[in-house]
Amino acid sequence: MTDESYIQLAIEIAKKGMGNVSPNPLVGCVIVKNDRIIGAGYHEKFGENHAEINAINSATENLEGSTLFINLEPCSHHGKTPPCVDKIIEKKIKRVVIGTLDMNPLVCGKSVKKLKGAGVDVKVGILEKECEKLNKFFFKYISKKIPYITLKAAQTLDGKIADYNGYSKWVSSVDSRRYVHSLRAKYDAVLVGAGTVAKDDPNLTVRLAEGRNPKRIVLDTNLKLKSDRKLFRNNNDKNLIVITSQKSAGKKNKFKRLSSSGVNVIFVKEDENGELDLKSTLRELGKLNIASVLVEGGNKIFTSFIKYNLYDDILLFLTPKILGNGVATIGNLGIYDIRKAVKVKVKSVDTIGDDILVELVK
């Protein structure tokens with residue numbers, strides 16, 4: 001097998017940690033000696049052993065003279081676990097092949113330098129784009145301290161996410177909804193506005209697919225939502241976060257009721273339009289170690305994230321229906337000239353059930 005083949009295997013192994021390691025990266029490791037795999041492992045859970053250590057511990061024979069393949073540069077600093085580089089050197093591993101460097105300033109390039117200084121043959125940049133894609137959440141979070149933002153919307157062919165009365169169940173097919181549930185399991189959190197909660201009363205959990213439930217985030221500027229909504233009634237895991245304006249701090253009784261029921265209420269400043277300041281919101285989410293957010297609506301929320309250029313990509317489900325009157329996916333962006341339209345790139349197009357999924361990036 002080639003270096004590329006082993007790095008691809010490391011990528012696939014790394015995916016097993018999805019949903020369990022954030023805000024750490026997804027990392028897989030394969031150890032090869034005499035053209036045989038003698039050890040393999042991945043980062044299984046935040047705070048526990050890194051992929052390299054799990055692979056080393058699984059080895060079936062002496063590691064001296066072997067080659068270690070890993071999709072991300074090994075750590076060289078003390079965190080929740082000791083530096084993996086030291087263990088690699090200690091075990092006299094002869095060669096280390098790395099998919100991509102770690103963008104964490106505590107690591108970036110330092111591990112490579114230390115390995116080379118110890119006489120280890122190091123090769124970097126194998127399937128680099130694939131490795132970067134695997135950890136796009138981590139790289140955004142570790143470099144900017146705010147989560148990776150994906151806007152997810154299901155709309156009719158004429159751009160409506162709900163009918164004239166605001167009813168949206170269901171715009172998309174059951175296959176698309178099942179896919180969205182699998183997406184939720186991969187993101188740290190899902191986010192919606194108070195309007196969506198009031199109208200749709202969503203659960204925002206993973207029910208149509210396997211995987212853990214994400215944190216649920218609601219933007220409620222004036223702290224007006226009633227606690228009879230499913231998000232509040234079903235908050236047994238205490239993973240509901242309500243973002244509200246600083247002026248709502250005066251509603252002490254409401255705040256106490258929410259806090260006593262396990263809701264994390266966060267106060268942020270308002271923008272010039274009297275809405276929650278999204279930049280401040282994302283910084284607060286970053287402080288909670290939330291590295292990725294799937295934004296599921298509604299119109300007002302989508303519009304704000306696009307208007308202030310605070311998204312990374314868009315997943316748009318197009319369903320073969322035409323409504324005419326209804327709620328538009330995107331509202332007024334303050335653009336009145338086609339030449340100034342927000343431009344995005346089509347990254348991929350797939351068919352899911354009766355719908356078309358378009359992935360868009362900036």
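## Exercises: cores, a buried serine, a hairpin

In the largest nonpolar core, with 30 residues, those touching the most other members are Leu-151, Ile-217, Ile-243, Val-293, Val-295 and Phe-305. The model is predicted: local features need pLDDT of at least 70, side-chain atom pairs count only at pLDDT 80 or more, and totals for chains, interfaces and linings use all residues. Residues are numbered from 1 along each chain as its sequence is written, and side-chain values use heavy atoms, without hydrogens and water.

**Exercise 1.** Find the helix that gives the most to this core.

*Solution.* Start with the term. A nonpolar core is a set of buried Ala, Val, Leu, Ile, Met, Phe, Trp, Tyr and Cys residues joined through side-chain atoms within 4.5 Å. Buried means under 20% relative accessible area (1.4 Å probe, protein chains only). Helices are DSSP runs of H or I, at least four residues; strands are runs of E, at least two; both are numbered from the N terminus. The helix is H12 (residues 299-307), with four residues. A second, separate core has 27 residues, including Ala-154, Val-190, Val-263 and Leu-294.

**Exercise 2.** Place Ser-280 and list its contacts.

*Solution.* Ser-280 sits in helix H11 (residues 278-287). Ser-280 is buried, at 9% relative accessible area. Contact means heavy atoms within 4.5 Å. Leaving out residues up to four places away in sequence, Ser-280 touches Val-268 and Lys-269.

**Exercise 3.** Describe how S15 and S16 pair.

*Solution.* Strands pair if DSSP finds at least two bridges between them. S15 (residues 345-352) and S16 (residues 355-361) run antiparallel, joined by seven bridges. Val-346 has Leu-360 in S16 as its bridge partner. Two residues lie between the strands of this hairpin, where Gly-353 takes a positive phi near 60 degrees.

Key
Buried means under 20% relative accessible area, exposed over 50%, partly exposed in between (1.4 Å probe, protein chains only).
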